[in-house]
Structure formats: structure tokens, C-alpha cells
Amino acid sequence: MATQAHSLSYVGCNFLRQRLVLSTLSGRPVKIRKIRARDDNPGLRDFEASFIRLLDKITNGSRIEINQTGTTLYYQPGLLYGGSVEHDCSVLRSIGYYLESLLCLAPFMKHPLRIVLRGVTNDQVDPSVDVLRATALPLLKQFGIDGESFELKIVRRGMPPGGGGEVFFSCPVRKVLKPIHLIDPGKIKRIRGMAYSVRVSPQMANRIVDSARSILNKFIPDIYIYTDHMKGVNSGKSPGFGLSLVAETTNGTFLSAELASNPQGQGAAVLPEDLGRNCAKLLLEEIYRGGCVDSTNQSLALLLMTLGQQDVSKGRGGCEAEMESKKLKMSNGWIEFLRHLKSFFQIMFKIETKPCGEELKGGDKVLLTCVGIGFSNLSKTLK
């Protein structure tokens with residue numbers, strides 16, 4: 001399939017993961033040129049090379065060509081194979097950088113994916129494993145991806161710059177996805193959180209909890225923030241602490257916010273009280289923006305809507321997947337993702353803006369509608 005498909009060409013290192021993930025799902029080869037060509041240190045970075053190695057491990061028959069300077073990459077995708085895999089991630093980015101892409105690919109493997117990832121579990125750049133577990137997994141369940149083997153577990157925590165964390169992720173395979181209608185987010189009913197600390201005093205986590213509650217208690221009474229202090233070999237190689245908060249609505253929407261302390265030896269020391277208060281404010285900001293999908297998982301939701309099954313039983317030409325989102329973050333990355341979906345899958349979204357009024361509280365919203373392409377997992381083993 002991939003050999004006949006027309007190759008897509010891009011310039012620059014931006015959206016590298018998006019392009020490689022969409023290439024793998026669509027079977028279209030992709031060529032990326034001038035990757036940091038004018039930089040003092042040109043070519044692919046270590047964390048990007050590690051991501052390409054991970055793609056090679058979970059696929060069968062992929063062809064990857066990189067020139068000597070690392071500024072040109074040609075990727076011809078193979079079949080998504082899955083199975084049991086272990087991967088050492090680069091400590092320059094957290095495990096969340098790799099997990100975000102695995103969440104997009106895992107349901108379409110030949111064999112259920114069981115993967116152990118090692119590296120940094122929480123940092124200030126990528127979504128942490130805690131947040132992905134609390135928000136991305138329930139989102140995938142709405143698309144019909146669920147089962148006993150669907151889990152994401154932190155075995156060891158690892159903070160930058162040393163890392164040393166370990167995460168286990170397993171996901172069942174699905175032949176088709178369910179269409180969804182995410183329109184009414186509902187009202188916030190509870191807030192849960194995780195304050196973690198490694199290689200510092202366990203009291204740090206309690207101080208974070210007290211300061212976060214001092215703000216959130218004015219908003220809702222049902223708040224529970226767990227503390228997680230890992231010791232010894234489970235605490236990784238570097239000290240640090242942080243907080244992740246998740247608000248759940250009456251309709252099963254999860255909105256999240258998180259903060260982590262500065263890595264050892266970088267920047268000024270952060271007080272746990274300030275970190276707790278700032279994280280609580282970030283969660284309130286996320287709730288104000290509203291929407292049915294957390295800003296961390298918007299591209300995942302858009303991709304799964306695109307791959308949704310055509311619903312002929314309804315008598316319409318295709319299933320209509322609708323998602324109300326935040327105006328937000330109609331950021332560049334988001335718009336670029338919609339352009340990529342059009343390039344790889346020839347699909348376009350209808351976008352309507354919904355200004356806030358009597359019915360809609362908080363910020364302005366955007367309603368996205370599309371007809372699924374009826375993607376089917378052809379590599380799934382028949383039993």
C-alpha cells in the first residue's frame with residue numbers, strides 16, 4: 001500500500017511527531033527536509049531520533065532513511081505490529097512526548113501493545129503520565145477502546161535531568177471506532193489530584209496540597225488530592241516535586257492542569273506553596289475555557305473523530321462526530337494539525353464559533369463537525 005501511495009514532502013522540524021504518526025496510519029510515505037538546517041547544531045535531536053527508533057520497534061517493515069547530517073528524513077511506514085516492547089526514552093523530553101503518539105497508534109496494532117518506557121515521567125514541557133492517565137484514557141474509552149488490558153501505570157518516577165522513571169502501558173486493539181457526540185461538557189462535580197515528591201522531604205507534597213486546596217475550596221467542596229512520595233530505586237535519579245489536578249464533569253469530561261518544579265541546577269528554586277497555588281489557578285483557567293476535551297488531548301480527539309466509522313445505519317452518508325472545544329487554543333499547532341489531516345486523509349472539518357452567552361459559560365467555544373473516513377484496522381488478527 002505504502003509503495004503506491006504518493007509521498008508527502010515537508011520542510012523543517014516542526015510537527016515531526018504529527019507527520020510521522022499520520023504517515024503510519026495513512027500508509028503514505030513522508031519526506032522531511034531542512035531539519036534545523038541553519039542551526040549551529042543541525043539535524044535531528046536525540047529525543048526525535050529516539051522517537052523514530054520507537055516507531056521502528058512497534059511497526060514491521062518500515063523504511064527509514066536519514067542523511068549524514070540528519071537534516072533530511074524519509075519515512076515509509078510499515079504495518080503496525082505491536083506486541084511486547086521496551087524502550088529507553090531520551091531524558092531531554094518526558095515519556096509523555098512518546099506516549100501521546102502511542103495513544104494515537106496503539107488501538108490499530110496487529111497485536112495488543114504492551115510497552116515499558118523508561119526515562120523522565122514528569123517535566124515542565126510535555127504532558128505528564130499522571131495527566132494522560134486521567135484524561136486521555138477516558139477519552140479513548142468514549143471511542144470504544146476499553147478492556148481489562150487497557151492500563152497506564154507508573155512503576156517508578158523520574159524527574160529531569162537524570163530521569164530513571166519507568167511506565168507500563170498496555171492497550172487492546174480495535175477494528176473500528178465508535179462515532180461520538182461531545183457537545184455538552186456538563187458541570188464540574190469533583191476535583192482530584194496527585195502531589196508527588198521524589199528525593200526531597202515528603203512534607204513537600206503536603207505543603208503543595210494545602211496551598212492548592214486554599215484556592216480550590218472556594219470553588220467546590222469535593223476535592224481530594226493524593227500524595228505520592230516514592231523512595232529508593234523507585235524515586236529515579238533526580239530530586240523534584242509537582243502537582244497534577246483533574247476536574248471531572250457530570251457528563252464525564254476531564255479537564256486538567258499540572259506544574260512541576262524546576263530541574264535540579266536549572267533556574268530558581270520553586271516554593272511548594274507557590275507551585276500549588278499556581279497549579280490551582282491553571283485548573284480554574286482551563287475550566288473557564290471549558291469545552292468537552294482537555295487542551296492536552298485535542299489533537300488525539302480530532303484524529304479519532306477523523307478515523308471514526310461511517311455510520312450507514314443512521315441513514316446518513318456518514319457518521320457526524322461533533323466536538324465542542326475551547327476557542328483556545330485555536331493555536332497554530334491545532335490549525336496545523338487540521339491541515340495535516342486534510343493532507344493525509346483528505347478530510348475537512350466544519351468549524352463554527354459559539355460565543356459565550358446565557359447558555360455557554362466561560363470563554364468562547366468552537367464546534368467542530370466531521371464525517372469519519374471509516375478507517376478499519378486491517379492488520380488486526382482474526383480469531
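This dialogue goes through a predicted model, taking its largest pocket and then one β-α-β unit.

User: What should I know about the model before reading any values?

Analyst: It is a predicted model in which local features need pLDDT of at least 70 and side-chain atom pairs count only at pLDDT 80 or more, while totals for chains, interfaces and linings use all residues. Residues are numbered from 1 along each chain as its sequence is written, and side-chain values use heavy atoms, with hydrogens and water left out.

User: How much space lies in the largest pocket, and which residues lie nearest its centre?

Analyst: Rolling a probe the size of a water molecule over the atoms shows where empty space is left. A pocket here is an open set of points on a 1 Å grid over the protein atoms alone, where a 1.4 Å probe fits, with protein on both sides within 12 Å along at least five of seven lines; lining residues have an atom within 4 Å of a point. The largest pocket holds about 1200 Å³ of space, and among its 47 lining residues Arg17, Glu100, Pro127, Ser295 and Thr296 lie nearest the centre.

User: Which strands and helix make the right-handed β-α-β unit?

Analyst: Helices (H or I, at least four residues) and strands (E, at least two) are DSSP runs, numbered from the N terminus, and a crossover is right-handed if, with the strands pointing away from the viewer, the path from the first strand over the helix to the second runs clockwise. In this model the unit consists of E12, helix H5 (residues 203-216) and E13. Strands E12 (residues 188-198) and E13 (residues 223-230) run parallel and are joined by eight bridges, where two strands pair if DSSP finds at least two bridges between them; Met194 stands opposite Tyr226 in E13.

User: Is Phe143 buried or exposed?

Analyst: Buried means under 20% relative accessible area, exposed over 50% and partly exposed in between (1.4 Å probe, protein chains only); Phe143 is therefore buried, at 1%, and it lies in the loop between H4 and strand E9 (151-156).

How values were computed:
Points joined across faces, edges and corners; volume = space filled by probe spheres on them.
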